[in-house]
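Trainee: I have this model open on my screen and would like a close look at a single part of it. Could you pick one strand, tell me about its surroundings, and then walk me outward from there?

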There are 2 protein chains.
Amino acid sequence: MKPKITLKQIARELGVSISTVSKALKDSTEISEDTREKVKAFAKFYNYRPNNIALSLKNRKTKTIGIIIPDIVHHFFTKVINGIEEVAVKRGYSVIVGLSNESFEKEVLNMEMLANGSIDGFILSTSKETLMQQDYHHFKDILEEGIPIVMFDRIVDEINCDKVVVDDLEGAKNAVQKLISSGSKNIAIITTKDYINVGRLRTRGYLEALHNNNIEPKERLVLKVDDKLITEEYLEGIEKEIQLLFENNKDIDGVFAVNELYAITAMKVARLCNKRIPEDIQIIGFTDGVLSRHSYPGLTTISQHGREVGKKAAELLIDKLESENFEETYQTVIINTELIERETTR
Amino acid sequence: MKPKITLKQIARELGVSISTVSKALKDSTEISEDTREKVKAFAKFYNYRPNNIALSLKNRKTKTIGIIIPDIVHHFFTKVINGIEEVAVKRGYSVIVGLSNESFEKEVLNMEMLANGSIDGFILSTSKETLMQQDYHHFKDILEEGIPIVMFDRIVDEINCDKVVVDDLEGAKNAVQKLISSGSKNIAIITTKDYINVGRLRTRGYLEALHNNNIEPKERLVLKVDDKLITEEYLEGIEKEIQLLFENNKDIDGVFAVNELYAITAMKVARLCNKRIPEDIQIIGFTDGVLSRHSYPGLTTISQHGREVGKKAAELLIDKLESENFEETYQTVIINTELIERETTR
DNA sequence: TTGTACGCGTTATCAA
DNA sequence: TTGATAACGCGTACAA
């Protein structure tokens, strides 16, 4: 076993001082050609690399980004991480991931932990519990400490920081417009409870699209699923709720689901009701997922471009981190959505 | 803005020495009740928390685990991360994620970067390129440096370290046995090229199951897909290959696919060939994914228990990190698979 | 009971 | 051209 070598050890072996070694390795002209070569050869032989921790302590910069997300087993978040990581490595940063598991407490703990020197800034999407309780003191505290935050997707309006969001309103409008244009008359929406801003915006888009086409919205066609953690039993719960929606509203001929799971479940229920897709009923989802592409029939969706969200978020954060005069000016970047037509629409 | 407070600042404010503050905060009896209270009150007010970086430097332990995986947009890996994170936080560790993107170079770079003090140990799954090139010097180097590694799923036999694997052989045997028991006579396997040990083992399981049932394996029923990075065009490539398999072997009445994507694609092709599932052809996959559960019809699969893999890997690693006398004894833990019957088998 | 000194690994400044 | 010293933030052995 040969543990990592340090400047000190090199210095001792070569009979020079630590600072000489340090300078030699950085090609400082202060050091003679001779010793420079000697030191570099030795360092190379022993595969010397500066210790990141020591550098972090000295520079007061860790060159790592903390990502806090509610759930990693989720295609959208995973795409976002991918995007973040891509620009992070490109700009010399590492990425440390904390999962809140949709819990307020875990979100707070995780952030406090990482904020104690482990990271230079955060990129995060808020947990459901946090959104529900509307307790954002941890975000405020961390910003107060001078640690920048970039929020994405599930953002908090009350917090003043950079944000990257998907164009939920416009995307939803496009989705519903597509259904209308293709002949659906009675369009249901399967959405989340209102405290999730994402669901709220998509619901608004649904209503606006209806309005633009002079269609009277009907309360009975709006299903707000109680959005808890996804467990096996809960899944059945969603299915039951959607089943009820279909049974009580035999006239439904179009469905806009605010996420992939709801859309897929709606397809399943439609099949159970012997409705043909897309002939009898059109379905459209909102997601970036794998399910949509590989479902049968292929699900038409509004793609969220999660990767772009991540890339943009990382750029915003790193720009802020590396700007000398960190101006107190924040922006909200909106990433456009895209309608991907597959087989569940006509 | 109120930046993080340090021991030094507390000491200065209170007119005592740094070590007094340090001791007071740890309830040392060396310090008088009086100053202890005073210090603690002050620290609490200013929300003092020790700086992780300084602690890491001092203790020569970062209390963080480096995870290196080929691809985060992948349900199995995501489950594994989930498992790792769960036991990591429970035992006071953070998790830093590096993506190799199936590239040898990125794998090496990422590991070298993190090995310079950022992490205490690695949990990793090897990239395809690394497996293909069979160049494992970076693993050796890092182990040499005294940094423990736990490999999972795509392991490397030549490297001496702890490993956690799914029981690919047994799982594959069970899958094929299920097909045989349910009446399939001509069972095809859709697998990867041999350099992926996982694919190799599953292929062996397929052959063993056939053998156990006195069925002669047929070369023409074995499809080894050229397993590159998954892109849109590549996806079509797989589909074509499978289509060819079906067309050239009209007698196929059972398919064992070594991953979810192949299985789903096989289902698609079967539909195109007007084969009823499971009446005319049974299909079974090998995965932990979401696709299987939500596909139509629901895909029967061998579940890999990714979460368990992650949990076990994290336990092995942390145990090793925290054992005083890090014995040079390594184990390979095998996580059992489970047959989950859905609608693609009879 | 409190404080001093040292070390973790590095770099920057200043002195030799 | 080289080296000693201080500093980043913390904990601790030892001295006062």
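Mentor: Happy to. Let's start in chain B, where strand β4 (residues 149-152) and β5(B) pair in the parallel sense over three bridges. Keep in mind as we go that this is a predicted model. To find the pairing on your screen, look for B:Val150, whose bridge partner in β5(B) is B:Asp162.

Strand β5 of chain B covers residues 162-166. Besides β4(B), it has another partner: four bridges join β5(B) to strand β11 (residues 332-335) of chain B, and these two run parallel. Here the pair to look for is B:Val165 with its bridge partner B:Ile334 in β11(B). As for the side chains, B:Asp162, B:Val164 and B:Val166 point one way from β5(B), while B:Lys163 and B:Val165 point the other way. Which of these are buried? Every one of them is: five of the five residues of β5(B) are buried, so the strand is mostly covered. Notice that B:Asp162 and B:Lys163 are in that buried set, alongside the valines.

While you are in chain B, stop at a loop as well. B:Ser28 is found between α2 (18-25) and α3 (33-45) of chain B. Its relative accessibility is 16%, and B:Ser28 therefore counts as buried, the cut-off being under 20%. Leaving aside neighbours within four places in sequence, B:Ser28 is in contact with B:Lys23 and B:Arg36.

Now let's see how the two chains go together. A rotation of 180° with 0.0 Å of shift along its axis superposes chain B on chain A, with an RMSD of 0.1 Å. The two copies are thus related as by a two-fold rotation axis. In chain B, the C-alpha nearest that axis belongs to B:Ile96, at 2.0 Å from it. As for the interface, 100% of the interface residues of chain B are also interface residues in chain A, so the copies meet through the same surface.

Cross over to chain A and find strand β2 (residues 94-99), which is mostly covered, with six of its six residues buried. A:Ser94, A:Ile96 and A:Gly98 point one way from β2(A), whereas A:Val95, A:Val97 and A:Leu99 point the other way. Strand β1 (residues 64-69) of chain A pairs with β2(A) in the parallel sense over six bridges, and A:Ile68 stands opposite A:Gly98. With helix α5 (residues 75-90) of chain A, these two strands make a right-handed β-α-β unit.

Further along chain A, six strands form an open sheet in the order β7-β6-β8-β9-β10-β12, with mixed pairing. Its edge strands are β7 (222-225) and β12 (338-340), each of which pairs on one side only. Neighbouring strands of this sheet are turned by 20° against each other on average, direction ignored. Within the sheet, β9 (residues 282-286) and β10 (residues 300-303) of chain A pair in the parallel sense over three bridges, and A:Phe286 stands opposite A:Ile302 in β10(A).

Two helices belong in this picture too. Helix α10 (residues 197-212) of chain A lies across β6 (187-192), β7, β8 (254-257) and β9, running at about 165° to β6(A). Helix α12 (residues 260-272) of chain A packs on the sheet and touches β6, β7, β8 and β9; its direction makes about 160° with that of β9(A).

Let α10 lead you to one last helix. A:Gly205 lies in α10 of chain A and is buried, with a relative accessible area of 0%. Not counting residues up to four places away in sequence, A:Gly205 touches A:Leu169, A:Ala172 and A:Lys173. Those three are among the buried residues of α9(A). Another residue to find is A:Val176, which is 29 residues from A:Gly205 in sequence and 8.0 Å away in space, C-alpha to C-alpha.

Helix α9 itself covers residues 168-181 of chain A; at 1.5 Å a residue, its 14 residues should span 20 Å, and the end C-alpha atoms are 20 Å apart, which agrees. Ten of the 14 residues are buried, so α9(A) is largely enclosed by the rest of the structure. Just after α9(A), A:Gly183 takes a positive phi of about 100°.

Note on methods: Residues numbered from 1 in each chain as written. Chains lettered and ligands numbered in written order. Predicted model: local features only at pLDDT ≥ 70, side-chain atom pairs only at ≥ 80, totals over all residues. Heavy atoms only, no water. Buried < 20%, exposed > 50% of the residue type's maximum accessible area, 1.4 Å probe, protein only. Pairing = 2+ DSSP bridges. Right-handed = clockwise from strand over helix to strand, strands pointing away. Least-squares fit on C-alpha atoms with pLDDT ≥ 70 in both. Contact = heavy atoms within 4.5 Å. Axes fitted to C-alpha atoms, helices over the stretch in contact; angles between N-to-C directions. Expected span 1.5 Å × (residues − 1).
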